[in-house]
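Please look over the sequence and the model together before reading on. The paragraphs below take up helix packing, then the ligand, then some details of the backbone.

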Amino acid sequence: MRGIGVVGSLAIVLVVAACEPVPDGVTLRTLAGDRGRHIGTAVEPSHLASAQTVEFLAAEFSVVTAENALKWGPVHPERDRYDFDAADLIVATAEASDQIVRGHTLVWHRQNPAWLVSTVWTRDEAIALLETHIATVVGRYRGRVAHWDVVNEAIADDGSMRDTFWLRAIGPDYVTLAFEFAHAADPGALLYYNDYLLERAGPKADAVHALVSGLLADGVPIHGIGYQMHVLVPELMPEPAALRREFVRYADLGIRVAITEMDVALILPSDADDLGRQADAYDNAIMACLGVAECDTIVFWGWRDDDSWIEAEFPGFGDALLFDRAGRPKPVYTRLRGVLWWNLHVAAPDP
Ligand code: XIL
């Protein structure tokens, strides 16, 4: 008899290790850091008024994204006036917490100031406005904001170019111009194209891949793809293997992959089964990311269910995040700690 053999022993080691509980007090930040990943959340300046919250964020997360503070409307309310108070606070607090900052976003069709979108500009005027805005905002945080979502949601769900103020004012090369202006303002920042619905193979995912491939072929300074990953259950998150295939298409182009705004919204009121399905959806995304070395950043669009954008934008949906309305960890939080711990201790290293 050869006993249980090598395969049997390995299986026992895996089972024992997988059952080993994650030690108390080990946070997502530590677990993700051990896997070479940044993990984080969107923040608003209002969150940072409480020292307790700042301490909590510093413990759990190594990256923060300004949820609204760096969008055109809040940061550039009048043509000759910028308001950096909110973004300054977010960046300074992140630095004190040894977190990196994702800047969001330099070109989008939403949350633009009225002075910008209610005027008809010539093409040259629109280009000059874009250049000045990007030079001012990116230049202010040069060396301090590590990633910028330069262009957000430029492709419509059917794969066509989205009809936006910027497309009408400048034409399709506004995308190239925005990346060039951002690179000139901070040559050290990593520049991303960011969009939703990229996790599903289909016309939008293909059109965005074609756009990014074209930019790279033209030598445009773009360094990463941002998967927003806003998911509404019962729509399901693709399996890790399918998601990994999507990520690898970008890794093959030589750029980074980030999950930038993840949340998984449930139909309200949610029950224990829903919370389990939610944990499965997050689990799939994190597992896929851990399987692709270029996927190095995972950001959730908030952390508490009572403080998420979902209920206002999608009435009837909510409970989308890792902590409940009282700030208590939900099943998905426990699951993700387990996924990161298990992956660190027993899974094979990245290929
Ligand atoms: C949302 C914010 O969370 C809300 O507070 C705001 O009212 C609207 O925008 N995709 C994006 C984010 O790129 O900027 C959006 O954030 C959510 C969808």
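The crossing of H10 and H11 is right-handed, a word used when the near helix is turned clockwise from the far one by less than a right angle, whereas an anticlockwise turn would make the crossing left-handed. This is a predicted model, in which local features need pLDDT of at least 70 and side-chain atom pairs count only at pLDDT 80 or more, while totals for chains, interfaces and linings use all residues. Residues are numbered from 1 along each chain as its sequence is written, and side-chain values use heavy atoms, with hydrogens and water left out.

Two packed helices are described by the angle between their axes and the distance between the axes. For helix H10 (residues 203-217) and helix H11 (residues 240-251), the axes come within 11 Å and cross at roughly 15°, and the two helices are therefore roughly parallel to each other (angles under 35 degrees count as such). In this pair, Ala-205, Asp-206, Val-208, His-209 and Val-212 of H10 meet Glu-246, Arg-249 and Tyr-250 of H11, where contact means heavy atoms within 4.5 Å. The residues of this contact divide into four nonpolar, one polar and three charged.

H11 also packs against H12, and here the axes come within 8 Å and cross at roughly 45°. H11 and H12 are therefore oblique to each other, the term for angles that are neither under 35 degrees, nor over 145, nor from 65 to 115. Their crossing is right-handed, and the contact is made by Pro-240, Leu-243, Arg-244 and Phe-247 of H11 with Asn-284, Ala-285, Met-287, Ala-288 and Cys-289 of H12. These residues divide into seven nonpolar, one polar and one charged.

Turning to the ligand, 14 residues surround it, and the closest are Glu-67, Lys-71, His-104, Asn-152 and Glu-261 (a residue is counted if one of its heavy atoms lies within 4 Å). An N or O atom in the side chain of Lys-71 is 2.7 Å from an oxygen atom of the ligand, and for the side chain of Gln-111 the corresponding distance is 3.2 Å. A polar side-chain atom of Gln-228 lies 3.3 Å from an oxygen atom of the ligand.

Some backbone details remain. Most residues other than glycine have a negative phi, and most peptide bonds are trans. The peptide bond from His-104 to Thr-105, however, is cis, with omega near 5°, and Thr-105 is found in strand S3 (residues 100-107). Glu-153 has a positive phi, near 60°, and lies in the loop between strand S4 (147-152) and helix H8 (165-170).

Key
Axes are lines fitted to C-alpha atoms, for helices over the stretch in contact, and angles run from 0 to 180 degrees between N-to-C directions. Helices (H or I, at least four residues) and strands (E, at least two) are DSSP runs, numbered from the N terminus. Ala, Val, Leu, Ile, Met, Phe, Trp, Tyr, Cys and Pro count as nonpolar, Asp, Glu, Lys and Arg as charged, and the others, Gly among them, as polar. A polar contact is a pair of N or O atoms within 3.5 Å; within protein, one must be able to donate a hydrogen and the other to accept it, and residues adjacent in sequence count only if both atoms are side-chain atoms.
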